[in-house]
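Me: Got a minute to look at this one with me? I'd like to start with the overall picture and then poke at a few odd spots.
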Amino acid sequence: MTLLRFRTENHKSFKDLTELSLVRPEMKSARPTDGTWSDYALRIAAVYGPNASGKSSLLDAVEFMLGVVRNSSTVWRERNSLPHQPFLLDEASRVQPSSYSIDFTLDDTRFEYGFSLTQEEIRTEWLYDYPVGRQRLLFERGLDTKYRFGRALKGDTAALERLTGPRELLLSRAAIDEHPVLTPVFNALTSGFEFAKFSEGSRQQRLRDIAEGIATEAISMEDIVVLVRVADVGNAQVGVAETKTPPELLRMFQAMEKAAAEPMESDGEDDQQVPIKFAIDEVTKRLEFQHLGAEGKYYRLAPADQSTGTLSWLSLAVPAVEALRKGTVLLIDEIDASLHPQLAQVLIQMFKDDGLNPRAAQLIFTTHDTYFISPVAEATLTPEEVWLVEKSRVGVSELFSLSDFSPRRDQNLARRYLHGRYGATPHLAPAFLQQLVAAGTADQ
């Protein structure tokens, strides 16, 4: 799968229609006249901007859209309302629908899928493809859940229309019913993206997933060793330590599970018993590192004793390798957080290198680090690969490409960005700091 474009409107700080495009500027037609889509799609998109400008909200909009696709006909089906995250700083936007759409390729055929929603319902939904260069309708859904189906959409469309509820996406319902045309589209969207959020909890979860993957042999130990050596952090090997759950804790969980399985006494009201299931794992897995110490001896250290940089590298490098192997999209929030710029450069270069990335996997990340657009960077980003986010004084985020400024190849993009030539830099007011310090001094 190749991501071509993502659009959103009225999502958090993105009040107006916003588009992130990974299509090369020279591509002007609806589909390539020569070559494949992967030849015309960028593999890197770096999003710059000051704190609280909306960089993370852009990635959040992608994740939110895919979450609706994944969950609207399953875990959300019994909800009384849909999640809705509109722009909140004016009264009109609070009640207006939010919209999301995505252009992508599946088996080198371009698809365009999107929908709009409010808290109460799915308002619109559409899916088109471009098999021979012109847009072809697969389905459209309008207000009052009225549908139009294209002739190319085979299968029982009447049943789909009947079974899809007002808070469900037709695409999600089609996947449950294993629709022959729509299920591959659903699978491409729900399995084609991996998110690495900027939080300690997210990083720890990725490390737990790595440990579990090693233990179940879903992740090769050799891969981990190679990645550790690439980072040159002094580790010789990485393994998985297994620690038995204390017997007294296990007995307590078993007693709780038994009690939860017993029927509850009814007081005559029309109450519902909520079953409780406690998952008991008798083996707790964690990563274990070995460091070379004195006299050529290796010493075992737990993850808690590792540097933040080592763990951050592994937590991002493993998903990156998986994306390269599968040809999927990896989105990283704050790639430079706790990661040395040279290691971040390694990640970027992995996606830009045709030899390492034969399936045209893509990397989208947010950052503050101007090293990536400086002349000394090993994998310098081009203007088409750089996006800027700026927030207005009334809280509206705007996304625009560095290529809009038509910079010359010999210009130092990093220096010009830091000097405010392209916008999307902080509005500093150091005078307030002087007042703050002066006020504190006067009180003493």
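Reply: Sure. Keep in mind that this is a predicted model. Of the 444 residues in the chain, 48% are buried.

Me: How many helices and strands are there in the chain?
Reply: The chain has twelve helices and 16 strands.

Me: And what share of the contacts join residues at least 24 apart?
Reply: Taking contacts between residues at least 6 apart in sequence, 62% join residues at least 24 apart.

Me: What about the surface, how much does the chain expose?
Reply: About 23,700 Å², with carbon and sulfur atoms supplying 50% of that.

Me: OK, new topic. Which residues in α10 are buried?
Reply: In α10 the buried ones are L343, A344, Q345, L347, I348, M350 and F351.

Me: What should α10 span at 1.5 Å a residue?
Reply: Helix α10 has twelve residues, 341–352, so it should span 16 Å. Its end C-alpha atoms are 16 Å apart, which agrees.

Me: Now the odd spots. What's phi for E217?
Reply: Near 65 degrees, which is positive, and E217 is not a glycine. Most residues other than glycine have a negative phi.

Me: Where does E217 lie, and is E217 buried or exposed?
Reply: E217 is in the loop between α6 (200–215) and α7 (221–231). Its relative accessibility is 72%, over the 50% cut-off, so E217 counts as exposed.

Me: And E334, what's phi there?
Reply: Also a positive value, near 60 degrees. E334 sits in the loop between β13 (329–332) and α10.

Me: Buried or exposed, that E334?
Reply: E334 counts as buried, because its relative accessibility is 14% and the cut-off for buried is under 20%.

Key. Residues are numbered from 1 along each chain as its sequence is written. This is a predicted model: local features need pLDDT of at least 70, side-chain atom pairs count only at pLDDT 80 or more; totals for chains, interfaces and linings use all residues. Side-chain values use heavy atoms; hydrogens and water are left out. Helices (H or I, at least four residues) and strands (E, at least two) are DSSP runs, numbered from the N terminus. The expected span of a helix is 1.5 Å times one less than its number of residues. Buried means under 20% relative accessible area, exposed over 50%, partly exposed in between (1.4 Å probe, protein chains only). Contact means heavy atoms within 4.5 Å. Accessible areas come from the Shrake-Rupley method with a 1.4 Å probe; for residues, only the protein chains shown count as cover.
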